[in-house]
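The exercises below are to be worked with the sequence and the 3D structure in view. Try each task before reading its solution.

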Amino acid sequence: MLSIQRSEHGQGVRLMLSGRIEAEHLPELRRLIEGEDRQRAITLDLREVKLVDRDAVSFLAQCEAAGATLENCPAYVREWIARERAESSNPPRKTPTRRNPADES
């Protein structure tokens, strides 16, 4: 279960997330973020987040890349985001298939 509490602070909006962030929660979270005034800074406070899935990590990385601040991000989530970014910027190379000379006879 994911709980989302919205608050305003100065010129920005804070979404305090708690519980689990899973793929099924992302449409609602996306709707909330997209519904905010684009001129306002968005902070996602992850202090109370206990578990995320791969889709949530990708979503959080996209939010951060779009200018949102991830605050109190658990270390494992931060590391996972870094790995996702590294993988997306360095796609795996195809390894050439080696032929066995014995098969050519």
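## Exercise 1: a histidine in a loop

Task: find the residues that His 25 touches, then place His 25 in the chain and judge its exposure.

Solution. Leaving aside residues up to four places away in sequence, His 25 touches Met 1, Leu 2 and Arg 20; contact means heavy atoms within 4.5 Å. His 25 sits in the loop between E2 and H1. Its relative accessibility is 15%, so His 25 counts as buried; buried means under 20% relative accessible area, exposed over 50% and partly exposed in between, with a 1.4 Å probe and protein chains only.

This is a predicted model, in which local features need pLDDT of at least 70 and side-chain atom pairs count only at pLDDT 80 or more, while totals for chains, interfaces and linings use all residues. Residues are numbered from 1 along each chain as its sequence is written, and side-chain values use heavy atoms, with hydrogens and water left out.

## Exercise 2: the chain as a whole

Task: list the secondary structure of the chain and its order along the sequence.

Solution. Step one is the count: the chain has three helices and four strands. Helices (H or I, at least four residues) and strands (E, at least two) are DSSP runs, numbered from the N terminus. Step two is the order, which reads β-β-α-β-α-β-α along the sequence. Step three concerns burial and contacts. The chain has 105 residues, and 31% of them count as buried. Of the contacts between residues at least 6 apart in sequence, 65% join residues at least 24 apart.

## Exercise 3: the sheet

Task: in what order do the four strands stand, and which pairs run parallel or antiparallel?

Solution. Strands of a sheet pair through backbone hydrogen bonds, either parallel or antiparallel. Here, two strands pair if DSSP finds at least two bridges between them. The four strands form an open sheet in the order E1-E2-E3-E4, with mixed pairing. Strand E1 (2-9) and strand E4 (69-71) are at the edges with a single partner strand each, so one side of each has no neighbour in the sheet. On average, neighbouring strands are turned by 25° against each other, direction ignored.

Now take the pairs one by one.

- E1 and E2 are antiparallel, with eight bridges; Ser 3 has Ser 18 of E2 as its bridge partner. Their hairpin has two residues between the strands, and Gly 10 takes a positive phi near 55° there.
- E2 and E3 run parallel and are joined by nine bridges; the bridge partner of Val 13 in E3 is Ile 42.
- E3 (residues 41-52) and E4 run parallel, with three bridges; Leu 44 is partnered by Leu 70 in E4.

## Exercise 4: two residues on neighbouring strands

Task: describe the surroundings of Thr 43 and Arg 14.

Solution. Thr 43 belongs to strand E3. Its relative accessible area is 8%, so Thr 43 is buried. Not counting residues up to four places away in sequence, Thr 43 touches His 9, Val 13, Arg 14, Leu 15, Thr 69 and Glu 71.

Arg 14 belongs to strand E2. With the exclusion of residues up to four places away in sequence, the residues touched by Arg 14 include Gln 5, Ser 7, Thr 43 and Asp 45. Arg 14 and Ala 41 are 27 residues apart along the chain, and their C-alpha atoms are separated by 8.4 Å.

## Exercise 5: the helices

Task: state how H1 and H2 pack, and which residues make the contact.

Solution. H1 and helix H2 (residues 54-65) pack at an angle of about 10°, with axes 11 Å apart. Axes are lines fitted to C-alpha atoms, for helices over the stretch in contact, and angles run from 0 to 180 degrees between N-to-C directions. H1 and H2 are therefore roughly parallel, a term for angles under 35 degrees. The contact is made by Leu 26, Leu 29, Arg 30 and Ile 33 of H1 with Asp 55, Ala 56, Phe 59, Gln 62 and Cys 63 of H2.

Against the sheet, helix H1 (residues 26-34) lies across E1, strand E2 (12-21) and E3, at about 175° to E2. Helix H3 (residues 75-89) lies across E3 and E4, at about 110° to E3.

Technical notes: Angles under 35 degrees count as roughly parallel, over 145 as roughly antiparallel, 65 to 115 as roughly perpendicular and the rest as oblique.
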